[in-house]
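User: I'd like to go through this model and challenge the labels people put on it. Can we take them one at a time?

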Amino acid sequence: MKCPEIYAATNNRNKIEEFRSFFELFHIQFNIVPSPLKLEKLEDGTTLEENAYKKACFLSDKGYKPVFSDDTGLFLPFLDGIPGIFSSRFSGGSATYESNRSKLMDLTIGVSFERRKAYFKTVICFIAPSGETHFFTGIAEGFVLSEERGEYRFGYDPIFLYPPLGRTFGELPLETKNKISHRAKALSQFVQFLIHNEGILF
Ligand code: IMP
């Protein structure tokens, strides 16, 4: 597959690292270009789809294409889906990964393990140079823990237990997370789509 440059509508270095590592794992040599524009303030939609579209559209409208964006949230059904679309700013305007995890762990104090079911959901929005737009979705199911485990400190990963491996995402090497995560599932569909529609990139 002939691979041109593709813009990633994100300023998040963890996501860029995961995108690059994912494509490497599948021997696809995309040149992923991180967003040259700031994007955080665009995430004011009511769904991941809406936010993903806004981010990709912002770059595409300014001539950066082909482009794809990723909007992700951690959803806890027992908290009515919180933090969900508010995952990045869950603990307020100056939220950090750590403060967001602390707030969520506090909310799960005294809650039985079974009720702490949670899932990550990623929506990728791709906009081709022609303007054609496509969405790809991935979900990973697990449980939120009340203690942190693992060295990989991206977002909620240290408190997200993935039962099939008995480990948190924070305890997984990136190449393992990139085979089973919400993002990997969405990326995998995206890649399959590009393989079958190569011309769309140009
Ligand atoms: P965004 O709105 O897609 O940039 O992501 C929202 C927030 O979700 C991020 O600030 C992280 O805290 C969290 N997040 C996104 N992806 C992941 C992931 O793969 N693992 C853990 N946390 C994530």
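User: What makes Glu18 and Arg183 count as buried or exposed?

Analyst: Both Glu18 and Arg183 are buried, and that label needs a relative accessible area under 20% (exposed is over 50%, partly exposed is in between, with a 1.4 Å probe and protein chains only). Before we go on: this is a predicted model, where local features need pLDDT of at least 70 and side-chain atom pairs need 80 or more, while totals for chains, interfaces and linings use all residues. Residues are numbered from 1 along each chain as its sequence is written, and side-chain values use heavy atoms, leaving out hydrogens and water.

User: Why is the contact between Glu18 and Arg183 called a salt bridge?

Analyst: The N to O distance between their side chains is 2.8 Å. The cut-off is a side-chain nitrogen of Lys or Arg within 4 Å of a carboxyl oxygen of Asp or Glu, so the pair passes. Glu18 sits in helix H1 (residues 13–25) and Arg183 in helix H5 (residues 182–196), with their positions 165 residues apart, so this pair links distant parts of the chain. Helices here are DSSP runs of H or I with at least four residues, strands are runs of E with at least two, and both are numbered from the N terminus.

User: Which residues share a salt-bridge network with that pair?

Analyst: The network links Lys15, Glu18, Asp70, Asp157, Lys177 and Arg183. The structure holds 12 salt bridges.

User: How do you know that Lys121 and Glu49 form one?

Analyst: Their side chains come to 3.5 Å, N to O, which is inside the limit, so the name holds. Lys121 belongs to strand S5 (residues 117–127) and Glu49 to helix H2 (residues 48–61), so the bridge ties together parts 72 residues apart in sequence. Glu49 has a relative accessible area of 30%, which makes it partly exposed.

User: What makes Arg153 and Glu148 a salt bridge?

Analyst: The closest N and O atoms of Arg153 and Glu148 are 2.4 Å apart, so they also qualify. At 35% Arg153 is partly exposed, and at 28% Glu148 is partly exposed too.

User: On to the strands: why are S1 and S2 called a pair?

Analyst: Pairing asks for at least two DSSP bridges, and S1 (residues 5–8) and S2 (residues 31–34) have four, in the parallel sense, so they pair. Ala8, for instance, stands opposite Pro34 in S2. The chain goes from S1 through H1 to S2, a right-handed β-α-β crossover: with the strands pointing away from the viewer, the path from the first strand over the helix to the second runs clockwise.

User: How many residues surround the ligand, and which are the closest?

Analyst: There are 16 around it, and the closest are Lys15, Thr72, Asp157, Lys177 and His182. To be near, a residue needs a heavy atom within 4 Å.

User: What makes Lys15 a polar contact of the ligand?

Analyst: An N or O atom in the Lys15 side chain is 2.5 Å from a ligand oxygen, and a polar contact is a pair of N or O atoms within 3.5 Å, so Lys15 qualifies. Glu43 has a polar side-chain atom 3.2 Å from a ligand oxygen, and Asp71 has one at 3.2 Å as well. On its own the ligand exposes 480 Å², of which the protein buries 95%; the areas are Shrake-Rupley values with a 1.4 Å probe.

User: Why is the bond from Lys65 to Pro66 called cis?

Analyst: Its omega is near 0°. Pro66 lies in the loop between H2 and strand S3 (67–76). Ile82 and Pro83 are also joined by a cis peptide bond, with omega about 0°, and Pro83 lies in strand S4 (residues 82–83).

User: What stands out about the phi of His27?

Analyst: His27 has a positive phi of about 55° without being a glycine. His27 is in the loop between H1 and S2, and at 69% relative accessibility it counts as exposed. Asp80, another residue other than glycine, has phi near 60°; it sits in the loop between S3 and S4 and is exposed at 76%.

User: Last one: is Phe143 buried or exposed?

Analyst: With a relative accessible area of 14%, Phe143 falls on the buried side. Phe143 is in strand S6 (residues 133–144). Its C-alpha is 7.5 Å from that of Phe113, with the two 30 residues apart in sequence.

Methods:
A polar contact is a pair of N or O atoms within 3.5 Å; within protein, one must be able to donate a hydrogen and the other to accept it, and residues adjacent in sequence count only if both atoms are side-chain atoms.
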